[in-house]
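Subject: Structure handover

Dear colleague,

Here is the structure you asked for, with the sequence. My notes on what was found in it follow below.

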Amino acid sequence: MTDTQHQTSAAAAEGTDTLSRLEQEGEIAADYLEGLLDIADLDGDIDMDVEADRASVSIISDDADSRDLQKLVGRDGEVLEALQELTRLAVNRETGDRSRLMLDIAGFRARKRTELAKLGAQAVAEAKATGEAVKLDPMTPFERKVVHDAVAAAGLRSESEGEEPQRRVVVLPA
């Protein structure tokens, strides 16, 4: 076996290891969240996936139960953020590894991602039109990541400035 073949097979094995580790994180998170739903007497289905090198778990339900799940989202996703951290801690307790798991409830993050991508596109347009940096309102780490990705996809640079919880994205002109 040549060095290149060996490196390729090693990389493939590492990718498989990473995928199975992320799937394990998703399963641990799903078990934890199912227990939480039982305790709270809420109905919801758990959907697991692996997206962008992180486990992704969603709690979904039909429209009739969606109002109940909104309690787990909270105002501006505050409860969702707390549940995500608790779920990450449960995964960490089982695996011993830090988790970057992403939790979505009732499609809140999916909708938020769409809104933030639009906000990023608007900031890019403003920065291009004015030639000046555009400072956005403070955001959570998840929100900043989505905006940074949207700005990069549009061909501009952005950076975060400030301290939590007032940390914000600044879109830089070309």
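Which elements each supply at least two residues of the lining of the largest pocket? They are β2 (54–60), α3 (78–95), β3 (102–105), α4 and α5. Please keep in mind throughout that this is a predicted model.

Overall layout

The protein chain has five helices and six strands. Read from the N terminus, its elements follow the order α-β-β-α-α-β-α-β-α-β-β. The chain is 174 residues long, and 33% of these count as buried.

The largest pocket

This pocket has a volume of about 510 Å³. It is lined by 22 residues, and those closest to its centre are R54, M102, R113, F142 and K145. Helix α5 provides the largest share of the lining, with five residues. By type, the lining consists of 11 charged, seven nonpolar and four polar residues.

The second largest pocket

The volume here is about 170 Å³. The lining is made up of R75, D76, G77, E78, E81, K112, T140 and E143. Six of these residues are charged and two are polar, with no nonpolar residue in the lining.

The cavity

When the whole structure is searched, one cavity of 30 Å³ or more turns up. Its volume is about 50 Å³. The residues that line this cavity are D76, E81, F108, R109, K112, T140, F142 and E143. Two elements, α4 (108–130) and α5 (141–153), give two or more residues to that lining. Helix α4 contributes the most, with three. The cavity lining counts five charged residues, two nonpolar and one polar.

Several names recur in these lists. D76, E81, K112, T140 and E143 are among the residues that line the cavity, and they also appear in the lining of the second largest pocket. F142 belongs to the cavity lining and is one of the residues closest to the centre of the largest pocket.

Two of the cavity-lining residues, R109 and F142, also make a contact to look at on screen: the charged end of R109 sits over the ring of F142, at 4.6 Å from the ring centre. As for pairs of aromatic rings, a search of the whole structure gives zero.

The two hairpins

Strand β1 (residues 45–51) runs antiparallel to β2, and seven bridges join them. One place to see the pairing is D45, which stands opposite I60 in β2. The two strands form a hairpin with two residues between them, and A52 in the turn has a positive phi of about 50 degrees.

Strands β5 (residues 157–161) and β6 (residues 168–172) are also antiparallel, joined by five bridges. S158 has V171 in β6 as its bridge partner. Six residues lie between the strands of this hairpin, where G162 takes a positive phi near 95 degrees. The loop between β5 and β6 also holds P165. The peptide bond that joins E164 and P165 is cis, with omega at about 0 degrees.

Backbone points to check

Most residues other than glycine have a negative phi, and most peptide bonds are trans. Two loop residues are worth a look in that light.

D76 is not a glycine, yet has a positive phi of about 55 degrees. It is placed in the loop between α2 (63–73) and α3. Is D76 buried or exposed? Its relative accessible area is 59%, so D76 is exposed.

A106 likewise has a positive phi of about 55 degrees without being a glycine. This residue is found in the loop between β3 and α4. Is A106 buried or exposed? With a relative accessible area of 14%, A106 is buried.

One more residue

R93 is found in helix α3. It counts as exposed because its relative accessibility is 62%. The C-alpha atoms of R93 and I28 are separated by 9.9 Å, and the two residues are 65 residues apart along the chain.

Regards

Terms used
Residues are numbered from 1 along each chain as its sequence is written. This is a predicted model: local features need pLDDT of at least 70, side-chain atom pairs count only at pLDDT 80 or more; totals for chains, interfaces and linings use all residues. Side-chain values use heavy atoms; hydrogens and water are left out. On a 1 Å grid over the protein atoms alone, a cavity is a set of points where a 1.4 Å probe fits but cannot get out, and a pocket is an open set with protein on both sides within 12 Å along at least five of seven lines; lining residues have an atom within 4 Å of a point. Grid points are joined across faces, edges and corners, and a volume is the space filled by probe spheres set on the points. Helices (H or I, at least four residues) and strands (E, at least two) are DSSP runs, numbered from the N terminus. Ala, Val, Leu, Ile, Met, Phe, Trp, Tyr, Cys and Pro count as nonpolar, Asp, Glu, Lys and Arg as charged, and the others, Gly among them, as polar. Rings of Phe, Tyr and Trp (its six-membered ring) pair if their centres lie within 6.5 Å; planes under 30 degrees apart count as stacked, over 60 as edge-to-face and the rest as tilted. A charge sits over a ring if NZ of Lys or CZ of Arg is within 6 Å of the ring centre and within 35 degrees of the ring normal. Buried means under 20% relative accessible area, exposed over 50%, partly exposed in between (1.4 Å probe, protein chains only). Two strands pair if DSSP finds at least two bridges between them.
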